[in-house]
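Visitor: I should be grateful for a close look at a single part of this model. Please dwell on the pairing of charged side chains, and explain each step.

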Amino acid sequence: MSPDHSLDLFLRHRKALIDYARPIVGDEARAEDVVQDAWLRYARFAEKQAFILNPSSLLYRIVRNLAIDAHRRQSREINGAGAERALETTAEISAGPETATVHKHELRQVMAALKELPERTQRAFHLHRFDNLTYSQIAAELGISQGLAHSLVASALVHCMKRLNQK
């Protein structure tokens, strides 16, 4: 595959790829980093191949894998430092009672948004975010595929973010 074709593919899908990675990694900047990394890996791979059957699917798969790896790294860093200490630090940084009130309100919004979701989606989200299970562990727990586990968690994240942005 030519370098021009790889770049064209990347540019056509860049925004969608960032939107795809964002719920997994948690924010726009990390999603952009993941997508950039994915394109570099894709371009190196494409240089060596005469033909790639479904280039966009491959690019999305690379983004997904890198995003999951980034999320796991971030989770290990937080867990290594101690989640409780991270919460304490966040509380110390807060500007006072007004900020605490805003955070409590946002938490209530997220909890209400989660209740709007189907039970299985809620469960997958809880297992991932609160119990720190991997997608393969969630899949085994719920008796579903790993891809569906990822999809359920991602849809829960997107739903919660939409609710928070409806202020």
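Guide: A helix, as the word is used here, is a DSSP run of H or I that spans at least four residues, and helices are numbered from the N terminus. With that term in place, it should be said at once that this is a predicted model. The chain contains eight helices and zero strands, and its elements, followed from the N terminus, run α-α-α-α-α-α-α-α. Of the 167 residues in the chain, 33% are buried.

We may now turn to the charged side chains. Side chains of opposite charge can pair when their charged atoms come close. The test applied is that a side-chain nitrogen of Lys or Arg lies within 4 Å of a carboxyl oxygen of Asp or Glu. By this rule there are six salt bridges, and three of them are examined below.

Two of these pairs belong to helix H1. Arg-12 and Asp-8 form a salt bridge through their side chains, with 2.5 Å from N to O. The two residues are four apart in helix H1 (residues 3-25), so about one helical turn separates them. Asp-8 has a relative accessible area of 37%; because buried means under 20% and exposed over 50%, a value in between is called partly exposed.

The side chains of Asp-19 and Lys-15 also meet in a salt bridge, at 3.0 Å from N to O. Here too the partners lie in helix H1, four residues apart, which is about one turn of the helix. Asp-19 is partly exposed, its relative accessible area being 32%.

The pair of Glu-141 and Arg-123 is a salt bridge at 3.3 Å from N to O. It links distant parts of the chain: Glu-141 belongs to helix H7 (residues 135-142) and Arg-123 to helix H6 (residues 119-129), with their positions 18 residues apart in the count. Glu-141 is partly exposed, at a relative accessible area of 47%, and Arg-123 is likewise partly exposed, at 32% relative accessibility.

Some salt bridges share partners, and in this way Lys-15, Asp-19, Arg-22 and Glu-28 are joined into one network. The pair of Asp-19 and Lys-15 described above thus has both of its residues in that network.

A last remark sets these pairs within the chain as a whole. Among contacts between residues at least 6 apart in sequence, 63% join residues at least 24 apart. The accessible surface of the chain is about 10,400 Å², and carbon and sulfur atoms account for 55% of it.

Methods: Residues numbered from 1 in each chain as written. Predicted model: local features only at pLDDT ≥ 70, side-chain atom pairs only at ≥ 80, totals over all residues. Heavy atoms only, no water. Buried < 20%, exposed > 50% of the residue type's maximum accessible area, 1.4 Å probe, protein only. Contact = heavy atoms within 4.5 Å. Areas by Shrake-Rupley, 256 points an atom, 1.4 Å probe, with all protein chains shown as cover.
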